[in-house]
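Colleague: I'm new to reading protein models. Could you walk me through one, feature by feature?

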Amino acid sequence: MIESKFLKENIENIQRLMSISALKHFETRNLGKLLRLSKIRQYEAGEAIIKEGDRDTWLYFLLSGEVRISKEGEEISTIGRRGDIFGEMRIIDDRSRSATVTAIDKVVALAVDTSAKSRMATSDGKDERLDFLLLLYRIFAEYMTLRLRLTNEELVKSKKEAKALKEA
């Protein structure tokens with residue numbers, strides 16, 4: 001893994017973040033806060049980004065490349081769209097990582113350190129920080145809903161296939 005220092009809050013970096021669809025609801029000041037918590041990380045093909053069972057506090061926005069998500073060695077899915085999020089479940093439920101995420105090819109991701117709350121503190125106080133966290137959870141909710149719908153579709157398909165095999 002190659003990693004940058006924490007990013008600076010400047011207009012060029014904020015404009016880059018605005019091009020990520022998952023961050024479209026953020027205001028400029030909130031994107032600045034996100035930058036202060038973020039690093040750019042690059043991974044080579046086959047490199048583990050997240051390991052099942054770990055307890056790190058990083059959240060990822062995919063900038064380029066494709067990743068494989070697997071649990072207990074079984075592939076669950078792949079993610080390859082710019083702006084896709086991974087690593088959010090650990091942030092929401094505070095449990096160990098539920099799956100392993102591995103780079104399929106060269107991957108570049110925006111890694112957000114969600115434990116670095118002191119970097120989010122501003123003189124504007126608690127309300128602004130709360131607004132920021134609510135936006136972050138809204139993004140999580142949108143992605144979790146999408147993933148749950150896909151999982152439901154796969155479950156129904158699997159049940160139909162199992163039923164057809166039983167009847168055959």
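What follows is a chat about how to read this predicted model.

Colleague: Let's start with the overview. How many helices and strands does the chain have?

Modeller: The chain has five helices and nine strands. Going along the sequence, they come in the pattern β-α-α-β-β-β-β-β-β-α-β-β-α-α.

Colleague: And what share of the residues is buried?

Modeller: Of the chain's 168 residues, 36% count as buried. For the outside, the accessible surface is about 10,100 Å², and 52% of that surface belongs to carbon and sulfur atoms. You can also look at how contacts link parts of the sequence: taking contacts with a separation of 6 or more, 76% are between residues 24 or more positions apart.

Colleague: Can you give me one pair to find on screen?

Modeller: Try Glu142 and Ala22. Their C-alpha atoms are 9.1 Å apart in space, while the two residues sit 120 residues apart in sequence. Glu142 belongs to helix 5.

Colleague: Is Glu142 buried, exposed or partly exposed, and why?

Modeller: Glu142 counts as partly exposed because its relative accessibility is 37%. The cut-offs here are under 20% for buried and over 50% for exposed.

Colleague: Now the sheets. In what order do the strands of the open sheet lie?

Modeller: The open sheet has five strands in the order 1-2-9-4-7, and the pairing is antiparallel. At the edges you'll find strand 1 (2–3) and strand 7 (85–86), each of which pairs on one side only.

Colleague: How many bridges link strand 4 and strand 7?

Modeller: Two bridges link them, with strand 4 covering residues 58–64 and the pair running antiparallel. To spot the pairing on screen, find Phe61, which stands opposite Ile85 of strand 7.

Colleague: What about strands 5 and 6?

Modeller: Strand 5 and strand 6 run antiparallel and are joined by five bridges. Arg68 has Thr78 in strand 6 as its bridge partner, and Ser70 has Glu75. These two strands form a hairpin with two residues between them, where Glu72 takes a positive phi near 50°.

Colleague: Which strand 8 residues stand opposite Ser70 and Val67?

Modeller: Ser70 stands opposite Thr100 of strand 8, and Val67 has Ala103 as its bridge partner there. Strand 5 and strand 8 are antiparallel, with four bridges between them. Strand 8 also pairs with strand 3 (residues 48–50), again antiparallel, over two bridges. In that pairing, Ala48 stands opposite Thr102.

Colleague: How do I read the two faces of a strand?

Modeller: In a regular strand, side chains alternate between the two faces of the sheet. For strand 8 (residues 100–103), Thr100 and Thr102 are on one side, with Val101 and Ala103 on the other. These four residues are all buried, and both faces of the strand are covered.

Colleague: Next, pockets. How do you find one?

Modeller: Rolling a probe the size of a water molecule over the atoms shows where empty space is left. In this model, the largest pocket has a volume of about 710 Å³. The elements giving two or more residues to its lining are strand 5 (67–71), strand 6 (74–79), helix 3 and helix 5 (126–167).

Colleague: Which element gives the largest share of that lining?

Modeller: Helix 5 does, with nine residues. The lining has 28 residues in total, and those nearest the centre are Ile69, Ile76, Ser77, Ile79 and Arg147. Sorted by class, 14 lining residues are nonpolar, six are polar and eight are charged.

Colleague: You mentioned Arg147. Which residue of helix 3 touches Arg147?

Modeller: Glu88 does: apart from neighbours within four places in sequence, Glu88 is in contact with Leu59, Phe140, Met144 and Arg147. You'll find Glu88 in helix 3, which covers residues 88–93.

Colleague: Does Glu88 count as buried or exposed, and why?

Modeller: Glu88 counts as buried because its relative accessibility is 1%. Set that beside Glu142, which is partly exposed at 37%.

Key
Residues numbered from 1 in each chain as written. Predicted model: local features only at pLDDT ≥ 70, side-chain atom pairs only at ≥ 80, totals over all residues. Heavy atoms only, no water. Buried < 20%, exposed > 50% of the residue type's maximum accessible area, 1.4 Å probe, protein only. Contact = heavy atoms within 4.5 Å. Areas by Shrake-Rupley, 256 points an atom, 1.4 Å probe, with all protein chains shown as cover. Pairing = 2+ DSSP bridges. 1 Å grid on protein atoms, 1.4 Å probe; cavity = no way out; pocket = protein on both sides within 12 Å on 5 of 7 lines; lining within 4 Å. Points joined across faces, edges and corners; volume = space filled by probe spheres on them. Nonpolar A, V, L, I, M, F, W, Y, C, P; charged D, E, K, R; others polar.
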